[in-house]
Amino acid sequence: DFSSRLIGELSGGQRQKVLLARALVSNPSLLILDEPINGLDPEGIREMRETLLKLNKEQGMTMIISSHILGELNKLATTFGIIKDGVLIQEISKDQLDEKCKEYLSIEVDNTEKACFVLEEMTEEIEYEVKDQTALHIYNYTDSSKLISEFVNEGIAVQSATFHNQDLEEYFLSLMEGGESHV
């Protein structure tokens with residue numbers, strides 16, 4: 001539709017598509033993209049994502065994508081490199097990142113040993129982690145009222161229970177503010 005128009009006459013989103021097409025003309029095995037969805041409307045973003053995923057799957061094309069739109073990167077990337085002040089502070093796989101951003105119920109109790117016994121005895125299989133002498137993280141169980149009732153019925157005092165969900169943006173910001181880092 002736009003073959004007779006100059007690139008300067010195109011919208012930002014149309015320019016992005018032309019630039020991608022131009023980069024693909026030589027059928028590269030590695031594609032480096034800087035903010036590839038800037039200027040695209042929601043439909044254009046979806047088209048760009050589907051195109052990039054298709055290129056990766058069908059042609060085995062490797063892509064390095066620089067972007068500040070973390071939610072979109074989370075739909076595309078298999079490995080994340082997080083850079084702060086020009087230094088790579090963390091490289092992490094999608095699976096590792098999903099594990100770090102997993103939703104959980106944090107419960108503080110007076111007796112984690114007894115609480116673990118209760119969790120093990122429940123009919124549902126519950127994934128949990130003892131964080132310290134008073135705190136548990138429960139990962140695949142969302143009925144907090146039932147769980148608290150079970151603890152109380154077994155004589156375990158519950159000091160607090162909070163639901164936690166850290167998304168990619170929160171994880172990224174915690175790293176930028178000096179949180180966990182390792183390359």
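This is a short tour of the structure above, one selection at a time. Keep in mind that the model is predicted.

**Stop 1: a patch on the surface**

Start by selecting Ile 7, Val 18 and Leu 19. These residues form a nonpolar patch on the surface, and together they have about 220 Å² of accessible area. Now keep Leu 19 alone. You will find Leu 19 in helix H1, which covers residues 12–24. Is Leu 19 buried or partly exposed? Leu 19 counts as partly exposed because its relative accessible area is 41%, and the partly exposed class lies between the cut-offs of 20% and 50%.

**Stop 2: the largest nonpolar core**

Next, go inside. Select Ile 107, Val 109, Leu 119, Leu 136, Ile 138, Leu 147 and Phe 151. The largest nonpolar core has 15 residues, and these are the ones that touch the most other members. Colour the elements that give two or more residues to this core: strand E5 (104–109), helix H5 (112–121), strand E7 (135–138) and helix H6 (144–153). Which element gives the most? Helix H5 does, with four residues.

Stay with Ile 138 for a moment and show what surrounds this residue. Setting aside neighbours within four places in sequence, its contacts include Tyr 104, Leu 105, Ile 107, Leu 119, Ile 126, Tyr 128 and Leu 147. Glu 103 and Glu 127 are also among the contacts of Ile 138.

A second core of 12 residues is separate from this one; to find part of it, select Leu 70, Ala 77, Ile 89 and Leu 168.

**Stop 3: a buried salt bridge**

Now for some charged residues. Side chains of opposite charge can pair when their charged atoms come close. How many salt bridges does the structure hold? There are eight.

Select Glu 72 and Arg 49, whose side chains meet in a salt bridge with an N to O distance of 2.4 Å. The pair links distant parts of the chain: Glu 72 sits in helix H3 and Arg 49 in helix H2, 23 residues apart. Both partners are buried. Arg 49 earns that label because its relative accessible area is 17%, and buried means under 20%. Beyond its neighbours within four places in sequence, Arg 49 is in contact with Glu 72, Lys 75 and Leu 76.

**Stop 4: two more salt bridges**

Select Lys 102 and Glu 99. Their side chains meet in a salt bridge at 2.9 Å, N to O. Glu 99 is partly exposed, at 48% relative accessibility. Add Glu 127 to the selection, and you have a network of salt bridges linking Glu 99, Lys 102 and Glu 127. You met Glu 127 earlier, as a contact of Ile 138.

Then move to Lys 131 and Glu 129, where the salt bridge spans 3.5 Å, N to O. Lys 131 is partly exposed at 42% relative accessibility, and Glu 129 is partly exposed at 33%.

**Stop 5: a serine in a loop**

Select Ser 67, in the loop between strand E2 (62–66) and helix H3 (70–76). Ser 67 counts as buried, at 14% relative accessibility. Which side chain makes a polar contact with the side chain of Ser 67? Look for Glu 35, at 3.2 Å. A polar atom of the Ser 67 side chain also lies 3.0 Å from the backbone nitrogen of Ile 69.

**Last stop: Glu 177**

Finish with Glu 177, in the segment after helix H7 (168–176). Glu 177 is exposed, at 68% relative accessibility. Measure from its C-alpha to that of Val 152: the two residues are 25 apart in sequence and 38 Å apart in space.

Note on methods:
Residues numbered from 1 in each chain as written. Predicted model: local features only at pLDDT ≥ 70, side-chain atom pairs only at ≥ 80, totals over all residues. Heavy atoms only, no water. Patch = residues over 30% accessible without salt bridge, like charges linked within 9 Å, V, L, I, M, F, W, Y side chains within 5 Å. Areas by Shrake-Rupley, 256 points an atom, 1.4 Å probe, with all protein chains shown as cover. Salt bridge = Lys/Arg side-chain N within 4 Å of Asp/Glu carboxyl O. Buried < 20%, exposed > 50% of the residue type's maximum accessible area, 1.4 Å probe, protein only. Polar contact = N/O pair within 3.5 Å; in protein donor to acceptor, adjacent residues only side chain to side chain. Core = buried A, V, L, I, M, F, W, Y, C linked by side-chain atoms within 4.5 Å. Contact = heavy atoms within 4.5 Å.
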